[in-house]
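Colleague: Could you take me on a close tour of one helix and its surroundings, and then step back to the place where the chains touch?

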Amino acid sequence: MRILVLHAHPVETSFNRALFRLVVDRLEKAGHQLDILDLYAEDFDPRLTRAERLSYHDLSINRVPVDPYVGRLLAAEALVLVHPVWNFGFPAILKGFFDRVFLPGVSFGMVDGQVRPILHNIGKLVVVTTYGGSRFRAMLMGDPPRKIAKRVLRATIRPGAPMRYLALYDMNRSTDASRTAFLKKVTNVMDAF
Amino acid sequence: MRVLVVYCHPVPESFAAGLRDAAVDELLKAGHEVDLVDLYAEGFDPVMGADERRRYNTMVMADHPFPGHAERLQAAQGILFVYPTWWYGLPAMLKGWLDRVWTPELTFKIPDGPGPIVPLMTHVRLLGVITTCGAPRWWSYVVGHPGKRTILRGMRALCARRCRTLFMAHYMMDKSTDASRARFLASVRARLARL
């Protein structure tokens, strides 16, 4: 399968980067064709510009500033996100990837002012993520990143496509045992991709 | 009240700019003090780099990447966010401002032992959001209104215990009309006038 692996963490030695490496390693070993998009390594600018905003709904030109990224997104058959949750949301660099690349005509169409999802080339979605706070605390806050993944992204990709949300909560108080167990879980899901 | 207005939109002639102007105008008329942050105008960089992330959990004020913003945040008694909702959440620019400016020691403390983080923004007694959404109201709530929750629950947890909140959204912006926008502007003015 052609899998786009989207990663967003700045620190080489972080646990999140270790998860990213694990994901890439297991998927490669299983013989998948990977397209690795490490937003920090690419120095991706997440700020949607004035020009982009003004041409946002013009399907003939809206993708021009981010054309290579649109091409990679549309060429993928599956999408894997590996990112931390900061302040109950995506890191800005990843939020900006949605703002700038998931455009009208790419991930959704507009019919009579309403959104119609069209990213139907993506037939599988897996999110691997880490939270500083506990699951309970995230739930109290409405757990925005989980809902974006499980409701918005799931509604954007091919209808009925399988989706997994793998989250390690409470990183601030994680132990070797909890991290090892999570690595094992991610390994299993990647091996069965 | 000293209100920090955090405005984020790339287009100076946008409807969001009109909302910002109306909000600032009403706050001043009601006798509040306003400090306006315009993230696009100042070219704020929302991307937290590796060094900053490494130091984040032990960040002290002397190391703060944006001392000016930190000072303004510390002086605020109310914070009003004016932004467009993109992908159900905050524009990356604004998300990065939260990530990089709302640091430990300034906004919260991670305890040494067990227990939740300790809020330090207890001088903030009002958090407000004025936004525009492409989606309809019902769908925004089905997906959990991520932008609203991030600010009014996530960031609110770092503010005063009885911190009041305010949320106003113009839904279905892509079908908005002159009349619907004028109505929304008027309701924003009316709401802020009786803060």
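Modeller: Happily; the tour starts with the chain around that helix and works outwards. This is a predicted model, with local features given only at pLDDT of at least 70, side-chain atom pairs only at pLDDT 80 or more, and totals for chains, interfaces and linings over all residues. Residues count from 1 along each chain as its sequence is written, while chains are lettered from A and ligands numbered from 1 in the order written.

Chain B has seven helices and seven strands (DSSP runs numbered from the N terminus: H or I of at least four residues, E of at least two). Reading from its N terminus, the order is β-α-β-α-α-β-α-β-β-β-α-α-β-α. Its C-alpha atoms occupy a box of roughly 55 × 35 × 30 Å along the principal axes.

Your helix is α1 of chain B, residues 15-29, and its setting is an open sheet. Five strands of chain B make up that sheet, with parallel pairing (at least two DSSP bridges) in the order β2-β1-β3-β6-β7. β2 (33-38) and β7 (164-170) of chain B are the edge strands, each pairing on one side only. From one strand to the next, the twist averages 15°. Within the sheet, β1 (residues 2-7) and β3 (residues 78-85) of chain B run parallel and share five bridges; at one of these, Val6(B) has Phe81(B) of β3(B) as its partner.

α1(B) lies against this sheet, where it touches β1, β2, β3 and β6 (126-133) of chain B, and its direction makes about 165° with that of β3(B). A touch here means a contact, with C-beta atoms, placed from the backbone, within 7 Å.

A second neighbour is helix α7 (residues 178-193) of chain B: the axes of α1(B) and α7(B) come within 9 Å and cross at roughly 25° (lines fitted to C-alpha atoms, for helices over the stretch in contact, with angles of 0 to 180 degrees between N-to-C directions). α1(B) and α7(B) are therefore roughly parallel (under 35 degrees; over 145 is roughly antiparallel, 65 to 115 roughly perpendicular, the rest oblique). On the α1(B) side, the contact is made by Phe15(B), Gly18(B), Leu19(B), Ala22(B), Ala23(B), Glu26(B) and Leu27(B). The α7(B) side brings Arg181(B), Leu185(B), Val188(B), Arg189(B), Leu192(B) and Ala193(B). The residues of this contact comprise nine nonpolar, one polar and three charged (nonpolar: Ala, Val, Leu, Ile, Met, Phe, Trp, Tyr, Cys, Pro; charged: Asp, Glu, Lys, Arg; polar: the others, Gly among them).

Now for the step back. Where the two chains meet, chain A gives 36 residues and chain B gives 37. The elements of chain A with two or more residues on that side are α2 (50-54), α4 (92-101), α5 (135-140) and α6 (144-156). α4(A) supplies the largest share, six residues. By class, the chain A side holds 20 nonpolar, seven polar and nine charged residues.

Across that boundary, α4(A) faces helix α4 (residues 92-101) of chain B, with axes that come within 8 Å and cross at roughly 170°. This pair is therefore roughly antiparallel. Ala92(A), Lys95(A), Gly96(A) and Asp99(A) make the contact with Ala92(B), Lys95(B), Gly96(B) and Asp99(B). Two nonpolar, two polar and four charged residues take part in this contact of α4(A) with α4(B).

One last stop is in chain A: β4 (residues 108-111) and β5 (residues 114-117) run antiparallel, joined by four bridges. Met110(A) has Val115(A) as its bridge partner, and in this hairpin, with two residues between the strands, Asp112(A) takes a positive phi near 55°.
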